Amino acid sequence: MRRKVRISDVAQKAGVSVTTVSQILNNKGARFSQRTIDKVLAIRDEMGYVPDYNARSLIMGSTKTIGVIVPDLSNPFFTSFLKGIGQAAEEEQFIPLILGSEDNQELERNYIEQLVQRSVDGMIIASPLVERDIIDHLLKSNGIPYILIDQNPVAEGDRLYTDDADGARQAVQHLLDLGHQKIALIYSDKPTINVTYRLRGYEEALEKAGIGFDPKLVLTTPMTKEGGHQVAQSLIDSEATAVVTINDEVAIGLYHGLQEKGKSIPEDYSIVGYDDIDLAAYLNPTLTTVAQPVMHLGNLALRRLVARIKDHNLADEKVKLPVKLVIRHSTKQLGR
C-alpha cells in the first residue's frame with residue numbers, strides 16, 4: 001500500500017524547507033514571494049497532500065469533531081435534523097460523526113464509548129435510550145460537553161426540545177373546530193418522553209372542550225409506516241371520525257391501510273399528522289400536520305454545543321421551540 005504523502009515530501013519536491021511549507025499552508029507565508037507560495041500550493045495539489053489531522057489535533061487540543069447519535073437514520077425527521085447540524089457544522093468548521101443506534105441500547109453505549117476514545121470535542125444525543133450512567137461515567141467524567149435533544153431529560157445539561165403538548169393540543173383543536181367529537185390518537189407502543197407529552201396535549205384539548213377521555217380511542221402501534229398500516233382496522237372499529245397520528249410516518253401508513261379497506265380521506269376520516277416531513281406536502285390528499293422546526297433544532301444544537309466546547313463554564317440551558325399547525329387537505333368539516 002502506498003504511504004500517505006507527508007509535508008516533507010512536498011517540501012522536498014518544492015525545494016524549500018518543511019517550515020516554509022507549513023507556514024504557507026497555514027496562511028502564515030506573507031514573507032515569501034508569490035512565486036514560492038504558488039509553487040508550494042501547486043505541488044500540494046499535485047501530490048494530493050492532506051495534513052495529518054491527528055498530529056494537528058494534538059497541537060490544537062481539539063479534533064474539531066462532534067459525535068451525533070440518533071435512534072433512526074431512516075426517519076425523515078432525523079434527516080432534516082441532521083441537515084441542520086451539517087449546515088451549522090460547516091460554518092463552525094466542525095465535522096459531525098453521525099451514528100444511528102437503531103433503538104439498541106447496547107449499540108448506543110458502544111458508539112458513545114468509541115466516540116470518547118476518538119476524542120470528539122462534544123456530542124449531540126437525540127436517542128431516548130441513553131441512561132444517566134452513560135452521561136455521568138462516559139461524558140462528564142471525561143469532560144466532554146453534550147447536548148440532549150427533545151426526548152432526553154435523563155441528566156443535567158443543555159437540553160433542546162419542541163413543545164409537544166401544544167402541538168397535540170393544536171391538532172385536536174383543529175379537528176374540534178371542524179365539528180369532530182370522536183377523535184382518535186394513534187400512539188406509540190413504546191412511547192418516549194416527548195411522545196407522552198403529545199398524549200397529555202391530546203387529553204388536555206379534549207378536557208377543555210368538555211369531552212371525556214376515552215382510552216379506547218388511543219390506539220397503539222409502532223411509530224413507522226407499517227405501524228400506521230397495521231392500525232387501520234382498529235381505527236375503523238373505533239367509530240372515530242378523525243385521528244391525530246403520533247408522527248407523519250404513521251399517517252402515511254394509515255393512508256395506505258384505510259384506502260385498502262375502501263375508505264377515503266378526508267371524506268371518511270380527517271387525519272392530522274405530526275412532524276411535517278417533506279413527503280407530507282406530496283401525499284394525496286396533502287397531509288395536515290404539526291410542523292416542528294427540525295432543521296433549526298439541529299442548527300441550534302450544533303451552535304450551542306460549540307459554544308459550550310469553547311466555554312465549559314456556560315450555565316445549562318433548556319430551550320423549548322414552538323410548533324405550528326399546517327392545514328392542508330386531509331381534514332374537512334364533519335358532515336360536509
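A polar contact is a pair of N or O atoms within 3.5 Å; within protein, one of them must be able to donate a hydrogen and the other to accept it. Keep that in mind for the first exercise. One more thing before you start: this is a predicted model.

**Exercise 1: Thr-245 and its surroundings**

Work out where Thr-245 lies, whether it is buried or exposed, and what its side chain reaches.

Solution, step by step:

- Start with the location: Thr-245 is part of strand β8, residues 242-245.
- Now check the accessibility. Buried means under 20% relative accessible area. Thr-245 has 1%, so it counts as buried.
- Next, look for a polar partner. The Thr-245 side chain gets to the backbone oxygen of Asn-247 at 2.9 Å.
- Finally, list the neighbours. Leaving out residues up to four places away in sequence, Thr-245 touches Ile-186, Val-250, Ala-251, Leu-254, Ile-271, Val-272, Gly-273 and Tyr-274.

**Exercise 2: Another threonine**

Find the loop that holds Thr-63, and say which side chain joins its own in a polar contact.

Solution, step by step:

- Thr-63 sits in the loop between α4 (53-60) and β1.
- Its relative accessible area is 12%, so Thr-63 is buried.
- The partner is Thr-65: the two side chains are joined by a polar contact of 2.6 Å.

**Exercise 3: Put the sheet together**

In what order do the strands of the open sheet of 6 strands come, and which strands are at the edges?

Solution, step by step:

- Read across the sheet and you get β2-β1-β3-β4-β5-β11, with parallel pairing.
- The edge strands are β2 (95-100) and β11 (318-321), each of which pairs on one side only.
- From one strand to the next, the twist averages 15 degrees.
- Now go through some of the pairs. β1 (residues 65-70) runs parallel to β3 with 4 bridges, and here Gly-67 faces Met-123 of β3.
- Move along to β3 and β4 (residues 146-149), a parallel pair with 3 bridges. Opposite Ile-124 you'll find Ile-147 in β4.
- At the β11 edge, 4 bridges join β5 (residues 158-162) to β11, again in parallel. Tyr-161 is the residue opposite Lys-320 in β11.

**Exercise 4: Two sides of one strand**

Sort the residues of strand β3 (residues 122-125) by the way they point.

Solution, step by step:

- One way: Gly-122 and Ile-124.
- The other way: Met-123 and Ile-125.
- Now add burial: all of these residues are buried.

**Exercise 5: A helix with a buried face**

Decide how the buried residues of helix α3 are arranged around its axis, and what they pack against.

Solution, step by step:

- First check the length. Helix α3 (residues 34-47) has 14 residues and reaches 20 Å from its first C-alpha to its last, close to the 20 Å expected at 1.5 Å a residue.
- Pick out the buried residues: Ile-37, Val-40 and Ile-43.
- Look down the axis of α3: its buried residues fall within an arc of 135 degrees, so they line one face of the helix.
- Here's the general rule to recall: an α-helix has 3.6 residues a turn, so residues three or four places apart point the same way.
- Turn to the face away from the buried side, which carries the exposed residues Gln-34, Arg-35, Asp-45 and Glu-46.
- What do the buried residues pack against? They pack against α1 (7-14) and α2 (18-25).
- Just after α3 comes Gly-48, with a positive phi of about 70 degrees.

**Exercise 6: Unusual backbone spots**

Most residues other than glycine have a negative phi, and most peptide bonds are trans. Which peptide bonds here are cis, and where do Gln-93 and Asp-275, with their positive phi, lie?

Solution, step by step:

- A cis bond leads from Ile-265 to Pro-266, with omega near 5 degrees. Pro-266 is in the loop between α12 (248-260) and β9 (270-275).
- Another cis bond leads from Asn-284 to Pro-285, with omega near 0 degrees. Look for Pro-285 in the loop between β9 and β10 (288-291).
- Gln-93 has a phi near 60 degrees and is located in the loop between α5 (76-92) and β2. Its relative accessibility is 61%, so Gln-93 counts as exposed.
- Asp-275 has a phi near 125 degrees and lies in strand β9. With a relative accessible area of 7%, Asp-275 is buried.

Notes: Residues are numbered from 1 along each chain as its sequence is written. This is a predicted model: local features need pLDDT of at least 70, side-chain atom pairs count only at pLDDT 80 or more; totals for chains, interfaces and linings use all residues. Side-chain values use heavy atoms; hydrogens and water are left out. Two strands pair if DSSP finds at least two bridges between them. Helices (H or I, at least four residues) and strands (E, at least two) are DSSP runs, numbered from the N terminus. Axes are lines fitted to C-alpha atoms, for helices over the stretch in contact, and angles run from 0 to 180 degrees between N-to-C directions. Buried means under 20% relative accessible area, exposed over 50%, partly exposed in between (1.4 Å probe, protein chains only). The expected span of a helix is 1.5 Å times one less than its number of residues. The arc is that of the directions from the helix axis to the C-beta atoms. Contact means heavy atoms within 4.5 Å.
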